[in-house]
Structure formats: structure tokens, C-alpha cells
2 protein chains.
Amino acid sequence: MKTIDKALKLLSYFTVIQPEIGLSELARMSNYDKAATRRFLVALQNHQFIEQNEDTRAYRLGIGFLIFAKIREATTPLESIIQSSLVRLMEVTNETAHASLMTNQNLSTIGISFPNRGMQAHLELGDVLPLHSTASGIAFQAFSNNSNINNPTHKSYIKGLKTDSTTLEDTRRRCYAVSTGIYCSETTGIAVPYFDATATPMGAIAVATPNSRLTEKMYETFSTALIRESKKITSSIGGQMPQSFILTNPVP
Amino acid sequence: MKTIDKALKLLSYFTVIQPEIGLSELARMSNYDKAATRRFLVALQNHQFIEQNEDTRAYRLGIGFLIFAKIREATTPLESIIQSSLVRLMEVTNETAHASLMTNQNLSTIGISFPNRGMQAHLELGDVLPLHSTASGIAFQAFSNNSNINNPTHKSYIKGLKTDSTTLEDTRRRCYAVSTGIYCSETTGIAVPYFDATATPMGAIAVATPNSRLTEKMYETFSTALIRESKKITSSIGGQMPQSFILTNPVP
DNA sequence: TTTATTGGTTCATTATTAACACCAATGGTG
DNA sequence: CACCATTGGTGTTAATAATGAACCAATAAA
């Protein structure tokens, strides 16, 4: 279904940074023919997934996403539960808190909460986190039993880069993952997964801190907060923490 | 772009009432070939707009909608502003409050807040409100200068059914629209539009009440609350109330 | 055991999309 | 002002992609 694929791929060019894109520009970005780009946009517009700015004629994401997001959230809530955890994490840590979800072999960013300060770690909604090189990815791997995940042919790996087994063992022992300066050279991430009904990781929540203000003490306070929120999220969505997690982190 | 059209049409079968649909069932509902239906679903799944229940193999809306809804809401907020108004309206009136938005010549329901009581007016997210036969549609028309809107060839009309001019004049004079037992024979809607920067209606907010408990007094309290919230929404999204509205409803 | 479902796949036929070349309009620039 | 570059948008035919009947395998009911 190449046609659908191409049309939907266009949507990914619309971001928080660049929410409106003109026809020619979008054609250039996507390497599609201009006529084709327009046909795609019109088709998407017919279903309210694209809107056109009447003044500038530029295109932007449409209202359709709100409607379907609401329907999904009404039937399988997730986003709303996670978002409240992120806000608490951001308040406790005064750093960027973010959450990701594994769908379609991608660990995608589904929520962020930024602190109000001059310098902070930054990422965007929808950003895909590589499994081997982010705290979230490592946390996810460490608690996954799925052999596909712990296998460098998995889509989320950047061409066979694999997390070494020592790191994964450390993560399992501590119950949180740490990654410094790999995804972004000036920040450190601390992450904990959240789980479904079979104690399988669904995604991860994380706090990202600029290295310059990271202290030893933060590892403990941040990871404690993350583990607390992971338990909240997991129980809210009807999930279960894995055994290893419960043993090393008994209910206070 | 028929292929895209067909694929996206599939999404509309997923509702709050029926959030998961099996392959054969969806093929039947859409009158598509089963093979085609599956190809569409897989293509949508590749972009996270569809997910599959691993146990039942049924399909449901995917996480992609959350991500794009978040991007849209981050850049052109609307839903979040309106939702808080709906909750206030529901609390004040103790009846169903809902909001609609005109996109692509459809007045689509983008938010609802239900009261917690035994009987209440009901509608669904995404429901399209006919312009001629709903309080929201009449409110929208009455304040629209767009000649396309006040024209029964417009998509939102059910085959040429037109609101009579007396009703529209009454609506303009009172600044709110009323519709009893047309959309649903046992309920009455009271609606007020909200406006963009050019004082053009973008959509409407409304309260729907079962006729059996509707009293004369409610018209005033409900419309007062609606007008208050419409002003809030309009100003929050950088819009402007039309002149006629300001004259008959001076700031208290 | 038989029958009727289900989800999923295959491949020759058929309909759709690609992209070039083209407008008309807008906005700098010398 | 004329000129050039760019914009959004539109027809037309060669090349490509989608269609759908027939087909599995598996499950469930009769």
C-alpha cells in the first residue's frame, strides 16, 4: 500500500517546531512531485487530518487527530494517566520529564513536561528513541523478555548497535537505567519502564538532566520518583510490575 | 486519491461504542473486499494509526492520533481551551454540554461533558451536526456571513433542508439558538457560536436537555452561561465576538 | 464429522497514480 | 519599470500500483 504510506509519511513533517508547511516546501522535504504532494494533502484534508491556512495557503495538521485521539483515549486511556505522572516528575526533579511508548517497533515519545528554567534537556513529541542509546531504550530492553527486542535486527536499533549485557544487568539490578551523553552529549537520562498486564514493558518514563548540574544525589531522588510513578502508571492501566522489580523495590 | 480516501474512511468505523473491530466485520461494514481491508489496516498500522489486539486479533485506533493531536494542540490550542469551558457548563447546568467545530464543511463534535445523573442527552465525539436541524447548526448559521453556509447546497445540509429566516433572525436577536426535538425528538439544545479573529463563527458550544425537565427559567440561565463561555473561548483563541453580539450582550 | 465462521494470502486483471510541462499570481531585485 | 524566481495549483499519458475472487489454515459450532 505505497500510496497510503506516502500520504501518511507527509504528516510526519509537521512538528511543534514547524507546524505549517507550504506546498512547494513540503514537496521538497519529502522528495515527492509537487502535484503528488498536493493530491495527498487534499486527500488528507478531506478527512480533516490536514487544514489549510486561508491566508498563507500553508498546510497544518487538522482537527481529525483530536477527534480520534479522544475516541482512543476514551476507550483505552493512557496518555492522560501518563501526563499527570510527568508533571509530578517534572515538579519533583525540576528537570525535563518525558514518556515513551513502544508501538510498531518504535519507542515513540508520547508526553513531555518541561521545567520552567533557563537551560533544560529538550526533545519533541513523536521523537523516536533508539533502544541501544537512550536511558528509556535501555530500561525497556532490560525488562523485556521478548527475544526480538534484545536483538540488533530490531527496527529500533541503529544498524546493529547493541547495548552490552553488563549495562542491562546493572539496569535490572538497580531497577532504573542511566545513559550519559549518548543520545545528546550534554545530558544524562534516567529511566524506568512501565508494564502491561503480563509484566511486559509497554514503554518508559524518564528524566533528562544537563550534565553540568547533575549530582550524585540526583540519581537516587530521581530514580525513586520514577519508580514511584511507574508503579502508579502500571497499576492505573491494569498492568503489573515484574517480580524482579517488586523484590528490589518493596512497597515503602 | 481514492486509495487514501478508502483507507481513511475505515477509521471512521471505530467509535467509543465500538472501539475494536475484527477484519471480517470491518470488511462487511465498509463493503470493501477483505483483502483490501486488511491491506488498508496494515498500512495504517505501519503509521501507528491502527493497533491490533494480540489476543482477539481485532483492530483498534492507534497511538499515532495521540502524538499528532498533541503536536496540533501544542501549536494551535483549541481542544484544551474548549474542554474546560464544557466542564464548567456541565457543572452549572447539570446537563450534557458539547462543542463542535466547522471543518471541511462539517460541524463535527470535538468535545462533550456529561453530567452524572440517570437520564441525559447523549451524543458521540465526531458526530456531525446537521446545520439546519441542531441548535449548534442554527447558531452557527445565524452569525455566519459566508453565503455558502446560508445555502442549502452546503454539505452540512441534509439535501436542501433549510432553516427558515425567522428562526435565524430570532437567534441573532437573542444571541443563542434553540432547537427542540429535531435532532433528537426528546431533547432540546441551546447553543452559542464561538468566533475567530474576523468574528466569523468557528463552531458552537451547546447544552442539551431532556424535554421532560426543561423549564422556562433554564433558557435564561443556560444561555447566559453559554454566552459567558463563548466569550472566554473566543478571547482565548485570539478571536473576536461580532458587533451584534457585543451590543445585545454588554459586559456585565 | 460437517459446516460456517474467522484471520490471512496469492496473483492475473484492471484501475490508479506519477511526473512532466504548464498556468497565473506574487514578490523581490537591478 | 521589466525581469527573474518562486509560489500554489492543474491537466495529460506512460508506468505503476491496487483489486478481488479463489484459496489456506484454524477455530468454533451443529
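These legends describe close-up views of a predicted model with two protein chains and two DNA strands.

**View 1. Chain A and chain B are two copies related by a turn.** Chain A can be laid on chain B by a turn of 180° and a shift of 0.0 Å along the axis, with an RMSD of 0.0 Å. The two copies are therefore related as by a two-fold rotation axis. Both copies use the same surface, since 100% of the contact residues of chain A recur in chain B. In general, a rotation about an axis and a shift along it relate two copies of a chain.

**View 2. Residues of both chains surround DNA strand D.** There are 19 residues around DNA strand D, and those that come nearest are Ser24(A), Arg28(A), Arg38(A), Tyr59(A) and Asp33(B). Of the atoms of DNA strand D that come within 4 Å of the protein, 63% are accounted for by sugar and phosphate. The surface near DNA strand D is made up of 8 charged, 6 nonpolar and 5 polar residues. At least two residues of this surface come from each of α1 (2-11), α2 (23-30) and α3 (34-45) of chain A, and likewise from each of α1 (2-11) and α3 (34-45) of chain B.

**View 3. Chain A makes polar contacts with phosphate oxygens of DNA strand D.** Lys2(A) takes part through its backbone, with a polar atom 3.0 Å from a phosphate oxygen. Arg57(A) takes part through its side chain, where a polar atom lies 2.8 Å from a phosphate oxygen. For Tyr59(A), an N or O atom in the side chain is 2.5 Å from a phosphate oxygen of the strand.

**View 4. Residues also surround DNA strand C.** Here 20 residues surround the strand, and Ser24(B), Arg28(B), Lys34(B), Arg38(B) and Tyr59(B) are the closest. Sugar or phosphate holds 61% of the atoms of DNA strand C within 4 Å of the protein, and the rest belong to bases. By class, 8 charged, 7 nonpolar and 5 polar residues form the surface near DNA strand C. With 4 residues, α3(A) gives the most to this surface.

**View 5. Side chains of chain B reach phosphate oxygens of DNA strand C.** In Ser24(B), an N or O atom of the side chain is 2.4 Å from a phosphate oxygen. A polar side-chain atom of Tyr59(B) lies 2.6 Å from a phosphate oxygen, and one of Thr3(B) lies 3.2 Å from a phosphate oxygen. Two or more residues of the surface near DNA strand C come from each of α1 and α3 of chain A and from each of α1, α2 (23-30) and α3 of chain B.

**View 6. Helix α6 of chain A is mostly covered.** The helix spans residues 135-142, and 8 of its 8 residues are buried. Its buried residues include Ile138(A), Phe140(A) and Gln141(A). Which elements cover them? Among them are the strands β4 (96-103), β5 (106-113), β6 (177-180), β7 (187-195) and β8 (201-210) of chain A, together with the helix α7 (165-174).

**View 7. Cys175 is buried in each chain.** The relative accessible area of Cys175(A) is 0%, so this residue counts as buried. Cys175(B) is also buried, because its relative accessibility is 0%. A disulfide is a covalent bond between the sulfur atoms of two cysteines. How many disulfides are there over all chains? The count comes to 0.

Terms used: Residues numbered from 1 in each chain as written. Chains lettered and ligands numbered in written order. Predicted model: local features only at pLDDT ≥ 70, side-chain atom pairs only at ≥ 80, totals over all residues. Heavy atoms only, no water. Disulfide = S-S within 2.5 Å. Buried < 20%, exposed > 50% of the residue type's maximum accessible area, 1.4 Å probe, protein only. Near = heavy atom within 4 Å. Polar contact = N/O pair within 3.5 Å; in protein donor to acceptor, adjacent residues only side chain to side chain. Nonpolar A, V, L, I, M, F, W, Y, C, P; charged D, E, K, R; others polar. Contact = heavy atoms within 4.5 Å. Least-squares fit on C-alpha atoms with pLDDT ≥ 70 in both.
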